[in-house]
Amino acid sequence: MRHNKNLMINKRRKVHGYSGIIGNNFFQAILIFIVMILFVFFLAALANVVWKGLASLSESIASQEIQFAVRLSILTSITSMLICLAFALPAAYALERFNIPGRKFINVILNIPLSLPPLVSGVALLLLFAATPFGSALAEHGLKFVFSVNGIILAQFFIITPYMIRVLKASFADIDPRLEFVARTLGCSQWQAFYKITLPIAKNGIIAGLVISWSRAIGEFGCALMVAGATRMVTETLPVALYLNMSIGNLEMAMASATCLIVISIISLFIFEMVGGSRSRASRIN
Amino acid sequence: MINLKNVSRQLGDFSIKNISLSVDDNEYFVILGPTGAGKTVVLEILSGMYKPDKGEVWINGRNVTFECPERRKIGFVYQDYMLFPNLDVRENIVFGLKLKKIHPKTIDQKLEKFTSMLNIEGLLNRHISTLSGGEQQRVALARALIAEPEVLLLDEPLSALDPRSKELFQQELKSIHKQVKTTTIHITHDFNEAFVLADRIGVMRCGELLEVGTPHEVFQKPNSHFVAEFVGMENIYDGEIVDDIKGSCVRVGKACIRAVTGLRGRVRVAIRPEDIIITRERFASSARNMLDARIVKVMPQGAFVKLILDAGITMAVLVTKQAVEEMDLGVGQSVLAVFKASAVHIF
């Protein structure tokens, strides 16, 4: 009986086996080939620009222009990131926890910049601050956004705040509101519960949000271009430096700016992975 | 002294209707009911998580219906503990005390008192994710008790424990209550738990409070079919009170069951499975009910065996394993089911 059964199984293998095995291998090979094409393409593009950029970096890095661009990029991105945090943190908490009427609609509006082309966001801001009584009133009181460094910060803020709110909302959604409730039964006010319990637990999410926002802000070009313009040595961030130099044919300076930006991106990705990786909590196994 | 007056609230799928309840000082009150009965909603309204749609909540003479949780002096222990993951065990427990800016020496004294009461002295520096379920439960309880609340609310505190831990913790809860004497409301779906722990029980179903009474009253004399079934009375029949030569009895099918009751007409009859004795021969006793029956099914249940009998009516009887072995009871045998008139509950 058993002998017959084995024969039957082998027969089945023989009938489907040959094409089956080859079929699986071919399928796998095609997919891996596609991965390889993508990998080589991306690697080549990045490596090429870094290679060429590094070559001219040593001279260009000493130039006043590049130094100014680096300083301005870092200054504006950190400023916009901090202002963004100051607004996004309470907003995300309120949107996630409170029952605000029209909550869904508010969320939609705050999410729109995520899918809007940055150039369009820039035009919107430009019109708001240059062509309305609101904008002129602000300008009269000394708060000039159009064609100034403030405009860069404003543009970055407008672009990165929806990201930050999204990330923070997800972090708060992950925290059980009953934890805050138990804290309140022990005597916390709503604010104390938020500050002593929710915030510490959301720490990793907040850091992730900051890294995402900061690296997005540093790379911001289209929106800032519209609002602040691309004036050499005034509103010249690294992306603007790249653009300006490329458009006058100064390849070395353009590459230097690109390399700076690539290095900054890699560093922020690294930080992000590190923070994201530290999600492993202490367990009974460790 | 806790008082709920006609409290109603709708919360998504769950709702409670017109709940009126009083709990005395130092009482251990258990709210018993199946899942979805609305028991947790009652606790959440008591603790201030939600406001009632209608009705009032009074604690120790204060109308707290609209007061926020931080002013109600309530301790809350959730089924899944809700320990703060960003703090270690010690910080979790003294969280409430630190808020009130109590002197560190006093904090240490109280910490010692409650950690020894709950046997968790060795856990103080541990991170909460390294604790077992039972340990987390104790920490959660210590955290609530150390703040010396006026009311302690326990939301199915034993449901997540294994049977052995459950038994141990039940006894501990009882002895802790004797020590701290805090007015406690404990909700559960386990009637054995309620029986062991409660001074009084309130049975809830579908958002309504069906019955309130001592464990004895609820278990031996439930006032509704649902309560009877829920608390484990299995032999429930429809019958009619008739009079015969010997007095009144309840006719259930062909059987005539002697009972003590003032009711008349169509009634419901309930007899607990553990109140019935099995015997092979008739004997004289004070028990007024002795029914001929045949064993139809034998169902082992751990240390007990449930026998299903056909006595004209289907009867479930609970006997010990030893009894079954010594008497050699098996399917198809003819026996007699014996029970007292006082074990027959009519409602």
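**Briefing: chains A and B of a predicted model**

In strand 17 of chain B, B:Ile308 is the residue that stands opposite B:Lys297. The model in which this pairing appears is a predicted one. The points below take up the sheet of chain B to which strand 17 belongs, then the helical make-up of chain A, the two domains assigned to chain A, and finally the contact that joins chain A to chain B.

**The sheet in chain B**

- Strand 16, which covers residues 289-301 of chain B, pairs with strand 17, residues 304-310 of chain B, in the antiparallel sense, and 7 bridges connect the two.
- Both strands belong to an open sheet of 5 strands in chain B, whose order is 15-19-16-17-18 and whose pairing is antiparallel.
- The edges of this sheet are held by strand 15 (277-279) and strand 18 (314-320) of chain B, and because each of these has a single partner strand, one side of each is left without a neighbour in the sheet.
- When direction is ignored, neighbouring strands of the sheet are turned by 45° against each other on average.

**Secondary structure and burial in chain A**

- Chain A contains 12 helices and 0 strands, so that its elements, read from the N terminus on, run α-α-α-α-α-α-α-α-α-α-α-α.
- Of the 286 residues in chain A, 31% are buried.
- If one takes the contacts in chain A between residues at least 6 apart in sequence, 77% of them join residues at least 24 apart.

**Domains of chain A**

- The domain assignment divides chain A into domain 1, with residues 1-59, and domain 2, with residues 61-277.
- Taken over C-alpha atoms, the centres of domain 1 of chain A and domain 2 of chain A are separated by 40 Å.
- The contact between these domains draws on 10 residues from domain 1 of chain A and on 8 residues from domain 2 of chain A.
- On the side of domain 1 of chain A that touches domain 2 of chain A, the residues comprise 5 nonpolar, 3 polar and 2 charged.

**The contact between chain A and chain B**

- Chain A brings 18 residues to this contact, and chain B brings 20 residues.
- Helix 7 (177-185) and helix 8 (190-201) of chain A each supply at least two residues of the side of chain A that touches chain B.
- Helix 7 of chain A gives the most to that side, with 6 residues.
- Sorted by class, the side of chain A that touches chain B holds 9 nonpolar, 4 polar and 5 charged residues.

Conventions:
Residues numbered from 1 in each chain as written. Chains lettered and ligands numbered in written order. Predicted model: local features only at pLDDT ≥ 70, side-chain atom pairs only at ≥ 80, totals over all residues. Domains from an automatic or database assignment. Contact = placed C-beta atoms within 7 Å. Nonpolar A, V, L, I, M, F, W, Y, C, P; charged D, E, K, R; others polar. Helix = DSSP H or I, 4+ residues; strand = E, 2+ residues; numbered from the N terminus. Buried ≥ 20, exposed ≤ 12 C-beta atoms within 10 Å, placed from the backbone. Pairing = 2+ DSSP bridges. Axes fitted to C-alpha atoms, helices over the stretch in contact; angles between N-to-C directions.
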